[in-house]
Amino acid sequence: MIRLEGVSFRYRAATEPALSEVTCHIRPGELVGLLGRSGSGRSTLASTVNGTIPHLVRGDLRGRISIAGQDIQGLRPRDLADRVGFLFQDFEAQLFSTNVALEVAFGPENLGVPRAEIARRVDRCLRLVRLEVLRHKAPAGLSGGQKQRLALASVLALEPQVLVLDEPTSDLDPAGRRDLWEAIRRLREERALTLLIIDPETDELGWADRLIVLDRGRVALSGTPAELWSEADRLEALGVKGFTLARLAAALGLAGRWQDADAAAAAIRAAGWRVAGGTADRLRRADAERADGEALLEVEDLTHRYPDGTEALAGVSCAVRGGEFVAILGQNGSGKTTLVKHFNGILTPTAGDIRLSGQSLRGQSLARLSRHVGLVFQN
Ligand SMILES: Nc1ncnc2c1ncn2[C@@H]1O[C@H](COP(=O)(O)OP(=O)(O)O)[C@@H](O)[C@H]1O
Ligand SMILES: [Mg+2]
């Protein structure tokens, strides 16, 4: 279905090639996971399949690429839109309509698909990603996971034979990820679709038919997940995480291949592994001792309301002690970033207070605070 033969590409102005002599063949209906460290050429490869390279992003492209037996040289992304669907990480950029159903209808409308058929496709695609009930909502008001599923539905409405997903879940929280993977699974059950998926989480690609690992623009390794299951060392040398359960098995000196954590846990217990007596107690005691230490950062009844009225924090209280390593967890939009932005004064509380070594942060300048609190952002 997708055939690359000796494909090389160098971005204009780059000295090194981003792809070197890549040859691979993805069969109809196959799900292939593309792995590799950041910068290994995964997105570049994906962009050659829908014509973004060389038509929108210029450079020196060599070799042959064909989709369903047709050489795509000379075909622009627009010409390929009904054959190759493309979904990427930055899904916000892919959405622009005022309502969910219109968003899904937009693509087929542009291709001149008849009205009745568009209506059928909109229904089918929204059902597939479980967004039927939100069909009249504005895309801007959806959660991250819902937006990503909407972007998927919009791509599917073009009924492509090939779907390319470039890190589709990396901006999603665990619930959003689960829902998107579920939609992709249902999609595969409903119709034959050839899928090329880039995802940094090897574990999430455990159900792929085949995995291809790129390294500096070359195919460095490929095989079924079962074949790569015990290749944790080779994968890690290529900057790719091995399967978590396989790494665990190797670390415990166990043989075997498990589909999920429950099966692994059963095998580990069967092999006689236990949490050593006293270890859990020791950890609990250390926690209790630390809890008695002095608080370095104290948050008291913190509320934050953004100018548009959104209440992002509603009475949060917590304390961080010296030397502690604290993780803040929560779904997308739960207020994690809003909370930490109060720690160095980027945001000021609407109500409540924050104290650093006993001193209120209210009224202190950002410049002064930044000497005590460092903050590294997501982007
Ligand atoms: N638009 C661009 N212009 C120049 N070089 C680029 C561009 N995009 C990517 N590259 C380079 O091409 C190589 C492959 O990048 P990319 O395909 O984005 O890797 P991956 O998706 O695996 O992280 C890297 O060395 C990267 O710096
Ligand atoms: Mg990439």
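Colleague: Which residue meets Asp 179 in a salt bridge through its side chain?
Modeller: This is a predicted model in which local features need pLDDT of at least 70 and side-chain atom pairs count only at pLDDT 80 or more, whereas totals for chains, interfaces and linings use all residues. Residues are numbered from 1 along each chain as its sequence is written, chains are lettered from A and ligands numbered from 1 in the order in which they are written, and side-chain values use heavy atoms, with hydrogens and water left out. A salt bridge here is a side-chain nitrogen of Lys or Arg within 4 Å of a carboxyl oxygen of Asp or Glu. At 3.8 Å, N to O, the side chain that meets Asp 179 in this way is that of Arg 149.

Colleague: How many residues apart in sequence are the parts that Asp 179 and Arg 149 tie together?
Modeller: Helices (H or I, at least four residues) and strands (E, at least two) are DSSP runs, numbered from the N terminus. Asp 179 lies in helix H7 and Arg 149 in helix H6, so the separation in sequence between the parts they tie together is 30 residues.

Colleague: Is Arg 149 buried or exposed?
Modeller: The classes rest on relative accessible area, with buried under 20%, exposed over 50% and partly exposed in between (1.4 Å probe, protein chains only). Its partner Asp 179 is partly exposed at 28%. Arg 149 has a relative accessible area of 9% and therefore counts as buried.

Colleague: Which residue forms a salt bridge with Arg 37?
Modeller: Arg 37 sits in the loop between strand S3 (31-36) and helix H1 (42-49), and its partner, 178 residues apart from it, is in strand S9 (residues 210-215). Arg 37 is partly exposed at 33% relative accessible area, while the partner counts as buried at 14%. With the closest N and O atoms 3.0 Å apart, that partner is Asp 215.

Colleague: How many salt bridges does the structure hold?
Modeller: Side chains of opposite charge can pair when their charged atoms come close. One such pair is Arg 130 and Glu 182, which meet at 3.7 Å, N to O; Arg 130 is in the loop between helix H5 (115-128) and helix H6 (144-156), and Glu 182 is in helix H7 (residues 174-190). For the structure, the count of salt bridges is 27.

Colleague: Which side chain of opposite charge is nearest to Asp 353?
Modeller: For this purpose Lys and Arg count as positive and Asp and Glu as negative, with His and the chain ends not counted. Asp 353, in strand S13 (residues 351-356), is buried yet has no salt bridge. At 4.0 Å, its nearest side chain of opposite charge is Arg 355.

Colleague: Which side chain does a polar contact of 2.9 Å join to that of Asp 353?
Modeller: A polar contact is a pair of N or O atoms within 3.5 Å; within protein, one must be able to donate a hydrogen and the other to accept it, and residues adjacent in sequence count only if both atoms are side-chain atoms. Contact in the broader listing means heavy atoms within 4.5 Å, and, leaving aside neighbours within four places in sequence, Asp 353 has such contacts with residues including Glu 298, Val 299 and Arg 362. The side chain that the 2.9 Å polar contact joins to Asp 353 is that of Ser 360.

Colleague: With which side chain does the side chain of His 304 make a polar contact?
Modeller: His 304 lies in strand S11 (residues 295-305) and counts as buried at 6% relative accessibility. Not counting residues up to four places away in sequence, His 304 touches several residues, among them Thr 310, Leu 313 and Pro 349. Its side-chain polar contact, at 3.1 Å, is with His 342.

Colleague: How many disulfides does the count come to?
Modeller: A disulfide is taken as a pair of cysteine sulfur atoms within 2.5 Å. Cys 24 counts as buried at 12% relative accessibility, and Cys 125 is buried at 6%. By the sulfur-distance rule, the number of disulfides is 0.

Colleague: How far apart do the C-alpha centres of domain 1 and domain 2 lie?
Modeller: Domain bounds come from an automatic or database domain assignment, which gives domain 1 (2-83 + 160-248) and domain 2 (290-369). The C-alpha atoms of the chain fill a box of roughly 70 × 55 × 45 Å along the principal axes. Between the two domain centres, the separation is 41 Å.
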